[in-house]
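Let's look at how the descriptions of this model follow from their definitions. Have the sequence and structure open beside you.

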Amino acid sequence: MPYEVQGVVARGKGEAVTLETVVVPDPGPGEAVVNVQACGVCHTDLHYREGGINDEFPFLLGHEAAGVVEAVGAGVTEVEPGDYVILNWRAVCGQCRACLRGRPWYCFNTHNAAQKMTLADGTVLSPALGIGAFLEKTLVAAGQCTKVNPAAKPAVAGLLGCGVMAGLGAAINTGGVTRGDTVAVIGCGGVGNAAIAGAHLAGARTIVAVDVDDRKLDWARGFGATHTVNSRETDPVEAIRDLTGGFGADVVIEAVGRPETYKQAFYARDLAGTVVLVGVPTPEMQLELPLLDVFGRGGALKSSWYGDCLPSRDFPMLIDLYLQGRLDLDGFVSETIGLDQVEEAFGKMHRGEVLRSVVVL
Ligand SMILES: NC(=O)c1ccc[n+]([C@@H]2O[C@H](COP(=O)([O-])OP(=O)(O)OC[C@H]3O[C@@H](n4cnc5c(N)ncnc54)[C@H](O)[C@@H]3O)[C@@H](O)[C@H]2O)c1
Ligand SMILES: [Zn+2]
Ligand SMILES: [Zn+2]
């Protein structure tokens, strides 16, 4: 019997989200239905709602979640009912050219559920990042469920499902931050502050946090920033150079997703340094840079999707570090809310009042 549950839907570009009855099919071959226990509000949900990702409305929002497997379909061996899991948007295929070369974190053919979730009238929903977890029960590909230690509460564990993993991984996996590096992070929301936590965990000696909002910079200090710069008041490129012996940082992480902050990142890195773009731009944005500077400064210009994570490798490990007190995940949970408060949470995110609002079910 299909399940009928409540979920948060974005019906049209810029329209306030609504709580709707969603029909969730029984899991088919290779699929799982998960009882969602918590799901964080990520800026990418707002991008979907604003039409910044694509036009496939209506969207079923939410993609940063943890819960318990309720049922699995035929042939599923990865998980079984009762397993405590974080949902991921990188269920690797094992067969594409990236997977076959031993680089599954770049998998070009990740799995989602084959069946569709719908509104009660049969309208097909597009689940955000192939998940859709502002929903009491959701349908995913079984490979989207990663088992972790149930001692970590869902509101915290779920954050690894997107933004916090994206930030940690942007620093550690994509940026390759290691002991002794100098790092700057531009944009200190949930993603940027996770990049700061990642740089701290990896042993960076200098970590400069840049934001336009002092509240974000206060949080950044808590996650390990050694210096903070309010770029409304101070030129961030000069400030980062001053704080790194006049040279610029080894790794600069852009966690806003705008051309002007990307340029700051580009010029705030040392020669042969690395820029990591983790903020998501919108389709109309363009970047102009002197090609000679791109050449002359050397180094690497990278973008980071999901922190180049491999969920099966990274989620259980990061949860263990959290449980040992070595990674502060609690600090990202600014508030817990109900399913009917997602629109309000977008407003708080927009006004900079929260790192993460987390829906708890
Ligand atoms: N690449 C990925 O895999 C991935 C995953 C999740 C989220 N994201 C993206 O990362 C970005 C950040 O997400 P978030 O959830 O942390 O959002 P957020 O809204 O919580 O944080 C954005 C931060 O940028 C700051 N900011 C805005 N304009 C700025 C400027 N000009 N200079 C400096 N700081 C500025 C804001 O004050 C805020 O603190 C978004 O674009 C989101 O879509 C990417
Ligand atoms: Zn693959
Ligand atoms: Zn996200």
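Q: What do the buried residues of helix 6 pack against?
A: They pack against helix 5 (190-202), strand 12 and strand 13. Contact here means that two C-beta atoms, placed from the backbone, lie within 7 Å. Helices (H or I, at least four residues) and strands (E, at least two) are DSSP runs, numbered from the N terminus. One caution early on: this is a predicted model, where local features need pLDDT of at least 70 and side-chain atom pairs count only at pLDDT 80 or more, while totals for chains, interfaces and linings use all residues. Residues are numbered from 1 along each chain as its sequence is written, and chains are lettered from A and ligands numbered from 1 in the order in which they are written.

Q: Which residues of helix 6 are called buried?
A: Lys216, Leu217, Trp219, Ala220 and Phe223 are the buried ones. The term requires 20 or more other C-beta atoms within 10 Å of a residue's own; 12 or fewer makes a residue exposed, and anything in between partly exposed, with C-beta atoms placed from the backbone.

Q: Why are the buried residues said to be on the same side of helix 6?
A: Because they cover an arc of only 160° around the axis. The arc is that of the directions from the helix axis to the C-beta atoms. An α-helix has 3.6 residues a turn, so residues three or four places apart point the same way.

Q: Where does helix 6 lie, and what follows this helix?
A: Helix 6 (residues 214-223) lies across strand 12 and strand 13, at about 170° to strand 13. Axes are lines fitted to C-alpha atoms, for helices over the stretch in contact, and angles run from 0 to 180 degrees between N-to-C directions. Gly224 comes after helix 6 and has a positive phi, near 125°.

Q: How do you know that strand 12 and strand 13 pair?
A: Pairing calls for at least two bridges found by DSSP. Strand 12 (residues 206-211) and strand 13 have 4, in the parallel sense, and Ala209 has Thr228 in strand 13 as its bridge partner.

Q: What is the strand order of the open sheet of 6 strands?
A: The order is 13-12-11-14-15-16, with parallel pairing. Strand 13 (227-230) and strand 16 (300-303) each have a single partner strand, so one side of each has no neighbour in the sheet, and they stand at the edges.

Q: Why is strand 9 called largely enclosed?
A: Because 5 of the 5 residues of strand 9 (residues 137-141) are buried. Lys137, Leu139 and Ala141 cover one side, with Thr138 and Val140 on the other. Strand 3 (residues 31-40) pairs with strand 9 in the antiparallel sense over 5 bridges.

Q: What makes Glu20 count as partly exposed?
A: Glu20 has 18 C-beta neighbours inside 10 Å, so it counts as partly exposed. Glu20 lies in strand 2 (residues 18-24) and touches Gly7, Val9 and Leu119, leaving aside residues up to four places away in sequence.

Q: How do you know that the chain agrees with a compact globule?
A: With 361 residues, such a globule would have a radius of gyration near 21 Å, and the chain has 20 Å, so the two agree. The radius is taken over C-alpha atoms, and the rule is 2.2 Å times the number of residues to the power 0.38. In this chain, 53% of the 361 residues count as buried.
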